[in-house]
Amino acid sequence: MAGRAKPDPLRPVGTITRGTTGVNRLRRSDRWLIHDELVAGRLGDAADPLVVDLGYGASPWTTLELAARLRTVRADVRVVGLEIDPERVVPGRDGVTFARGGFELAGLRPVLVRAFNVLRQYPESAVPDAWATILSRMDPAGLLIDGTCDELGRRCAWVLLDRSGPRSLTLAWDPFTVDRPSDLAERLPKVLIHRNIPGEPIHALLTAADRAWSRAAPLAPFGPRARWRAAADHLRQEGLPIHTYRRRMRDCVLSVPWTTVAPNPRP
């Protein structure tokens, strides 16, 4: 009797996503990546600066843009775009390679993986296993960004993880088209989007951010960026561990440790 065939460790893992994409859609997360100290440090220290853009969609524009921006941090960065749908795999260009692959990362060992608008199409219960599968294939010091954004990239949110688990949540938005921080609730990553209810930490954070935004209303004549900087200062004064960046950000950015927003255990 023949034995059962062993599973192929390089067989693409995951399901085909809708594939919607657009030029410059992920610009806010890209800008954050090149200015975040932890991400830039891990990329700069890597013996092999390999980066994977997982699930880039029907067109490769955002992968090419990612490569161009990361080269400002490390000129020799290698970027590979992976798509589980073979019909979306395109020829390489501009120093970027494209291949078929899913959560198994096609056998690659990257130091950074960006997965935007991928897990949004999965059930919440599938997120931990997807994270674990991706991280187990990465460089031991690797970082994973699991994010979501709207079609034009004006509202973005992402979780940063390493093998120890989630490290932070970041919200980034266009200062001129978003009325208040809680408007990003509809674009929270899958692990949090169903937790924006009273009693959950993410709901408390968004409520506090809206309250601080209202308190900063007198600064509105100076523009939404100045108003958000004041709002973020209000949040820090309330004891929230809002990350402070060394440079002024073009976008409105709210980044907190994962412990601030980690979901309550399910009953």
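**Helices, loop and pocket in a predicted model**

Good morning. Among the elements that cover the buried residues of helix α4 are β1 (50-54), β4 (112-116), β5 (143-149), β6 (155-162), β7 (165-173) and α5 (190-193). The structure before you is a predicted model. Its chain has an average pLDDT of 92, and 93% of the residues score at least 70. One stretch calls for caution: over residues 1-7, pLDDT stays under 50, and the model has 0 contacts for them beyond four places in sequence.

Let me stay with α4, which spans residues 127-137. Which of its residues are buried? They are Val127, Ala130, Trp131, Ile134 and Leu135. These residues lie on the same side of α4, because they cover an arc of only 120° around the axis.

Ser136 also belongs to helix α4. With a relative accessible area of 36%, Ser136 is partly exposed. Beyond its neighbours within four places in sequence, Ser136 makes contact with Arg109 and Arg163.

I turn next to two other helices, beginning with α1, residues 27-35. Why is α1 described as largely enclosed by the rest of the structure? The reason is that 7 of its 9 residues are buried. Those buried residues are Arg27, Arg28, Ser29, Asp30, Arg31, Trp32 and Leu33.

Asp30, in helix α1, deserves a separate word. Its relative accessibility is 1%, and Asp30 therefore counts as buried. Setting aside residues up to four places away in sequence, Asp30 touches Glu65, Leu66, Arg69 and Arg114.

Helix α3 covers residues 61-70. Here 7 of the 10 residues are buried, so α3 is largely enclosed by the rest of the structure. The buried residues are Thr62, Thr63, Leu64, Glu65, Leu66, Ala67 and Leu70. What do they pack against? Their partners are α1, α2 (37-45), β1, β2 (78-83), β3 (96-100) and β4. Glu65 and Leu66, buried in α3, are also among the residues that Asp30 touches.

We now move along the chain to Leu219, which sits in the loop between α6 (201-215) and α7. Leu219 has a relative accessible area of 31% and is partly exposed. Leaving out neighbours within four places in sequence, its contacts are Ala226, Arg227 and Ala230.

Two distances relate this part of the chain to helix α4. The C-alpha atoms of Leu219 and Leu135 are 43 Å apart, with their positions 84 residues apart along the chain. For Ser136 and Ala230, which are 94 residues apart along the chain, the C-alpha separation is 40 Å.

My last topic is the largest pocket, which holds about 300 Å³ of space. How many residues line the largest pocket? There are 16, and those nearest its centre are Arg229, Arg236, Tyr245, Arg247 and Met249. Two elements each give two or more residues to this lining: α7 (224-237) and β8 (252-257). The largest share, 6 residues, comes from α7. By character, the lining of the largest pocket consists of 7 nonpolar, 2 polar and 7 charged residues.

To close, I return to the helices. In α4, the buried residues lie on the same side, since their arc around the axis is only 120°. Helix α1, by contrast, is largely enclosed by the rest of the structure, because 7 of its 9 residues are buried. Thank you for your attention.

Notes: Residues are numbered from 1 along each chain as its sequence is written. This is a predicted model: local features need pLDDT of at least 70, side-chain atom pairs count only at pLDDT 80 or more; totals for chains, interfaces and linings use all residues. Side-chain values use heavy atoms; hydrogens and water are left out. pLDDT is the predictor's confidence in each residue, from 0 to 100. Contact means heavy atoms within 4.5 Å. On a 1 Å grid over the protein atoms alone, a cavity is a set of points where a 1.4 Å probe fits but cannot get out, and a pocket is an open set with protein on both sides within 12 Å along at least five of seven lines; lining residues have an atom within 4 Å of a point. Grid points are joined across faces, edges and corners, and a volume is the space filled by probe spheres set on the points. Helices (H or I, at least four residues) and strands (E, at least two) are DSSP runs, numbered from the N terminus. Ala, Val, Leu, Ile, Met, Phe, Trp, Tyr, Cys and Pro count as nonpolar, Asp, Glu, Lys and Arg as charged, and the others, Gly among them, as polar. Buried means under 20% relative accessible area, exposed over 50%, partly exposed in between (1.4 Å probe, protein chains only). The arc is that of the directions from the helix axis to the C-beta atoms.
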